[in-house]
Amino acid sequence: MIWTPEARSSRFAGQPDAAPKTLGGLSGGWNGVSTGDFDGDGRLDLLASNWGRNLRQERYRDRPLGLHAGDFAGTGEWMAIESHWDPGLGKTVPWMHLGRFLEAMPALASRFPTFRQFGLAGIDEILGERRPGSLELQAVWLETTLFLQRTNGFEVRPLPDLAQWAPAFAVAVADFDGDGREDVFLSQNFFAMEPETGRLDGGRGLCLLGDGRGGFTPLDGRRSGLVIHGEQRGAAVADYDADGRPDLVVGQNGEATRLFRNRNGRPGLRVRLAGPVGNPDGVGAVVRLRSTRGPGPAREIHAGSGYWSQDSPVPVLALPVDPVALEVLWPGGRTQRVPIRAGATEARVGIQVP
């Protein structure tokens, strides 16, 4: 794992020794993931959606969030309690107030007769003798994050602040503007919250334009046309009108599925693979377009990505004015190179079997 100074100082300020050293240490509210060559080096990077730095997370971001599970009421049934660090009390305290606790643990009324007494207690005091032996989990990383693949691990880069204002779910990767640099769409929002908390609705669906070096610039919805106020979930990319521009479909909870037609992107090259028996779409292959100036970003053909979604197996690659060839790395390691002429709009490539 490689840690950027920005990632380390912003997330673990004041406690650098607590910073995770491996991907396994980045426990969080991870929701979706996809691949993309976001720095143009030919290696597939990862972009994973997370809960974001909103509401609870921003105030207590230098401490992990906790989840405690056990038979705390002595009924034989397990219950889960969320907790966070309270800097004023210097204790780990629950999110739920006393009224909600009494619904499941009425015996607490004798120990905490007032809300004030309960509010001054930590989770250890509240759970008492039932605390030992319970299950405790922690979430230490809540940013939606880019993981750039390096030769000795992954470089961790949280996405810009605008991507952290609401929980993100689907991660859709495409070159939406056709400039030869991979972009991203994030589906956002989560409404099923406790009444006293309020729903997490700070997102309208977010498009981020890549700079080809692993950086992103959020695109305002007034420019992108992506304004979705609902609870967005699955999202997928497909050139459904075959004009050489990647379009977008976004599903919502309790609302209509939205289709967005890409009207302003520069048309690219549609790539259609014919794989072997059992894999006709070439799932697992990686395609990359080369020009006289060098290679473009690599794109993976995947059967599922983002969040309960599947992109079209016919990707659109940004088409330079001087294309030379399309390279295909098939599953199993075989490489194929197909010449591409200037002005081409689609390439059909079948695997060569010796």
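Let me start with G42, which is partly exposed because its relative accessible area is 29%, where buried means under 20% relative accessible area, exposed means over 50%, and partly exposed is what lies in between, with a 1.4 Å probe and protein chains only. Before I go on, please keep in mind that this is a predicted model, in which local features need pLDDT of at least 70 and side-chain atom pairs count only at pLDDT 80 or more, while totals for chains, interfaces and linings use all residues. Residues are numbered from 1 along each chain as its sequence is written, and side-chain values use heavy atoms, with hydrogens and water left out.

Back to G42, which sits in the loop between β2 and β3; the strands I name are DSSP runs of E with at least two residues, the helices are runs of H or I with at least four, and both are numbered from the N terminus. If we leave out residues up to four places away in sequence, G42 touches D37, R288 and A298, where contact means heavy atoms within 4.5 Å. The C-alpha atoms of G42 and N54 are separated by 34 Å, although these residues are twelve apart along the chain.

On either side of that loop we have strands, and what joins β2 to β3? Strand β2, residues 32-36, pairs with β3 in the antiparallel sense over five bridges, and two strands count as paired if DSSP finds at least two bridges between them. Within this pairing, S34 has L47 of β3 as its bridge partner. Strand β3 is also joined to strand β8, residues 145-150, by three bridges, and these two run antiparallel, with L47 standing opposite L146 in β8. Four of the five residues of β3, which covers residues 45-49, are buried, so this strand is largely enclosed by the rest of the structure. As background, strands of a sheet pair through backbone hydrogen bonds, either parallel or antiparallel.

Let me move along the chain to an open sheet of three strands, which has the order β21-β17-β24 and mixed pairing. Its edge strands are β21, residues 316-317, and β24, each of which pairs on one side only. Strands β17 and β24 run parallel and are joined by five bridges, and in β24 the bridge partner of L273 is V349.

L273 brings us to the largest nonpolar core, which has 16 residues, and L269, L273, L326 and V328 are those with the most contacts inside it. A nonpolar core here is a set of buried Ala, Val, Leu, Ile, Met, Phe, Trp, Tyr and Cys residues joined through side-chain atoms within 4.5 Å. The elements giving two or more residues to this core are β17 (269-274), β18 (286-291), β22 (323-329) and β24 (346-350), and the largest share, three residues, comes from β17. Apart from its neighbours within four places in sequence, L326 is in contact with a list of residues that includes V271, V287, L289, V338, A347 and V349.

Now for the charged pairs: how many salt bridges does the count come to? The count comes to 26 salt bridges, each being a side-chain nitrogen of Lys or Arg within 4 Å of a carboxyl oxygen of Asp or Glu. One of them joins the side chains of D322 and R293 at 3.2 Å, N to O. D322 lies in the loop between β21 and β22 and R293 in the loop between β18 and β19 (294-295), so the pair ties together parts that are 29 residues apart in sequence. The two partners differ in setting, since D322 is buried with a relative accessible area of 18%, whereas R293 is exposed at 64%.

Another salt bridge joins the side chains of E346 and R348, at 3.1 Å, N to O. Salt bridges that share partners join D239, R270, R272, E346 and R348 into one network. Here E346 is partly exposed, at 28% relative accessibility, and R348 is exposed, with a relative accessible area of 62%.

A third example joins E103 and R100, at 3.6 Å, N to O. Both residues lie in helix α3, residues 98-104, three residues apart, which is about one turn of the helix. E103 is exposed, with a relative accessible area of 64%, and R100 is partly exposed, at 23%.
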